[in-house]
2 protein chains.
Amino acid sequence: MFLSTTINGVDAKGRVSVPAGFRAVVKNDPEEKIYVWPSFEGGYLEGGGQALLDRYLALLEEMDPYDDARAAFEQTIFGDTRGLAFDGTGRVTLPKDLIELAGLDGKAAFVGLGSRFEIWNPERLAERKANARSFARDNKKSLKLPPRPGGGA
Amino acid sequence: MFLSTTINGVDAKGRVSVPAGFRAVVKNDPEEKIYVWPSFEGGYLEGGGQALLDRYLALLEEMDPYDDARAAFEQTIFGDTRGLAFDGTGRVTLPKDLIELAGLDGKAAFVGLGSRFEIWNPERLAERKANARSFARDNKKSLKLPPRPGGGA
DNA sequence: TTGTTTCCCACGAAATCCCATGTTATCCCA
DNA sequence: TGGGATAACATGGGATTTCGTGGGAAACAA
């Protein structure tokens with residue numbers, strides 16, 4: 001699982017260290033890569049491992065072939081997704097257009113969200129975080145724990 | 001299950017012994033870790049094992065992908081959660097920001113709450129405990145035991 | 001060439017591992 | 001039932017490894 005938030009530097013070449021914990025998640029994928037694309041909302045990037053893409057693919061194939069939404073998702077998700085390989089020290093090179101799109105200016109915040117992650121300009125992230133946090137506090141009652149899956153401890 | 005309250009020392013490196021009973025709970029998880037994040041209310045930490053995170057993840061994935069609440073919870077729960085591994089003697093290292101957030105000053109109280117636990121500055125905990133106690137006394141009528149589930153103990 | 005991308009090596013800071021020790025709880029046997 | 005032996009737990013400090021970062025050389029493309 002992708003967890004926690006880490007801020008790493010983006011150098012002049014567009015290179016950024018992927019947090020070690022994130023690398024561990026995709027460690028055993030056939031292609032050891034992360035996949036990154038622009039978010040729908042704009043202003044930041046989304047990403048994940050092979051497993052996430054597989055799930056999106058399966059989801060799309062259940063949709064009607066002539067559904068407009070399907071085409072739109074296919075375009076957006078797969079059309080704009082880049083597969084990024086690690087260099088010897090665990091960095092990836094972010095394409096320039098993605099760096100601009102996310103407004104990454106020397107720093108990038110990796111935010112783990114379980115099955116996927118986001119990449120933010122740290123200042124933009126701080127704004128959204130403040131909002132999310134107060135929203136979550138005000139609505140936490142709506143987040144109920146489901147029964148335990150296996151019944152185990 | 002995480003049970004009872006234990007106070008252990010936090011050393012200069014941020015290391016703290018996880019109570020042996022808590023360690024036993026996550027003993028057979030694939031990743032032998034505990035997961036810790038700031039509480040919504042602030043001022044203390046919450047934590048649990050892999051099982052708890054899985055439950056949150058499953059819960060969130062049932063929500064609408066574009067529900068604001070979902071995004072807020074994802075961000076707040078997973079974005080701020082740290083996975084902490086044990087050293088050879090059963091300690092974890094708490095990140096500095098979490099130590100500050102909880103006001104841990106040399107001591108940390110682990111409070112077992114069944115499926116999860118909390119980590120408190122012992123003095124703050126004593127305050128809250130006093131409040132909780134009087135609240136419980138004033139509201140004890142609302143605490144009814146449910147019928148026994150399957151007839152089991 | 002000229003610009004871009006990939007690979008490789010080097011360094012400092014920080015997190016992690018390892019060994020030693022005090023203390024408390026548990027066990028066993030007289 | 002007491003008392004000593006044994007094991008489990010919590011703690012402290014030093015050594016080692018990992019991680020993130022910077023720069024340059026080699027391969028590639030235009």
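How far does a polar side-chain atom of R23(B) lie from a phosphate oxygen of DNA strand D? The tour comes to this pair at the fourth stop. Keep in mind throughout that the model is predicted.

**Stop 1: chain A as a whole**

Select chain A and colour it by secondary structure. Five helices and eight strands make up its secondary structure. Follow the chain from the N terminus, and the elements come in the order β-β-α-β-β-α-α-β-β-α-β-β-α. Along the principal axes, the C-alpha atoms of chain A fill a box of roughly 50 × 40 × 30 Å.

**Stop 2: two helices in chain A**

Next select residues 50-61 of chain A, which form helix α2, and residues 68-79, which form helix α3. Their axes come within 10 Å and cross at roughly 165°. An angle over 145 degrees counts as roughly antiparallel, and therefore α2(A) is roughly antiparallel to α3(A). The crossing is left-handed.

Now show side chains. On the α2(A) side, the contact is made by L53(A), Y56(A), L57(A), L60(A) and E61(A). On the α3(A) side, look for R70(A), F73(A), E74(A), I77(A) and F78(A). By class, the contact of α2(A) with α3(A) has seven nonpolar and three charged residues, and no polar ones.

**Stop 3: two helices in chain B**

Move to chain B and select residues 50-62 for helix α2 and residues 68-78 for helix α3. How are these two helices packed? The angle is about 160°, and the axes are 10 Å apart. α2(B) and α3(B) are therefore roughly antiparallel to each other. Their crossing is left-handed.

The residues to display from α2(B) are L53(B), Y56(B), L57(B), L60(B) and E61(B). They meet R70(B), F73(B), E74(B), I77(B) and F78(B) in α3(B). Sorted by class, this contact of α2(B) with α3(B) holds seven nonpolar, no polar and three charged residues.

**Stop 4: DNA strand D**

Select DNA strand D and the protein around it. There are 23 residues around this strand, of which K13(A), R23(A), K13(B), R15(B) and R23(B) come nearest. Of the atoms of DNA strand D within 4 Å of the protein, sugar and phosphate account for 38%.

Here is the pair from the opening question: a polar side-chain atom of R23(B) lies 2.6 Å from a phosphate oxygen of DNA strand D. In chain A, a polar side-chain atom of R23(A) lies 2.3 Å from a phosphate oxygen of this strand. K13(A) has a polar side-chain atom 2.2 Å from a base oxygen of DNA strand D.

To see which elements face the strand, highlight β1 (5-9), β2 (15-17) and α1 (20-25) in chain A, and β1 (5-9), β2 (15-17) and α1 (20-25) in chain B; these give two or more residues to the surface near DNA strand D. That surface has six nonpolar, eight polar and nine charged residues.

**Stop 5: DNA strand C**

Finally, select DNA strand C. Which residues are around this strand? From chain A they are K13(A), R15(A), T89(A) and R91(A), and from chain B they are K13(B), R15(B), T89(B) and R91(B). By class, the surface here has no nonpolar, two polar and six charged residues. Of the atoms of DNA strand C within 4 Å of the protein, 0% belong to sugar or phosphate, and the rest belong to bases.

Zoom in on three pairs. A side-chain N or O atom of R15(A) is 3.4 Å from a base nitrogen of DNA strand C. For R15(B), a side-chain N or O atom is 3.5 Å from a base nitrogen of the strand. A polar side-chain atom of K13(A) lies 3.5 Å from a base oxygen of DNA strand C.

Notes: Residues are numbered from 1 along each chain as its sequence is written. Chains are lettered from A and ligands numbered from 1 in the order in which they are written. This is a predicted model: local features need pLDDT of at least 70, side-chain atom pairs count only at pLDDT 80 or more; totals for chains, interfaces and linings use all residues. Side-chain values use heavy atoms; hydrogens and water are left out. Axes are lines fitted to C-alpha atoms, for helices over the stretch in contact, and angles run from 0 to 180 degrees between N-to-C directions. Helices (H or I, at least four residues) and strands (E, at least two) are DSSP runs, numbered from the N terminus. Angles under 35 degrees count as roughly parallel, over 145 as roughly antiparallel, 65 to 115 as roughly perpendicular and the rest as oblique. A crossing is left-handed if the near helix is turned anticlockwise from the far one by less than a right angle, and right-handed if clockwise. Contact means heavy atoms within 4.5 Å. Ala, Val, Leu, Ile, Met, Phe, Trp, Tyr, Cys and Pro count as nonpolar, Asp, Glu, Lys and Arg as charged, and the others, Gly among them, as polar. A residue is near a molecule or strand if one of its heavy atoms lies within 4 Å of it. A polar contact is a pair of N or O atoms within 3.5 Å; within protein, one must be able to donate a hydrogen and the other to accept it, and residues adjacent in sequence count only if both atoms are side-chain atoms.
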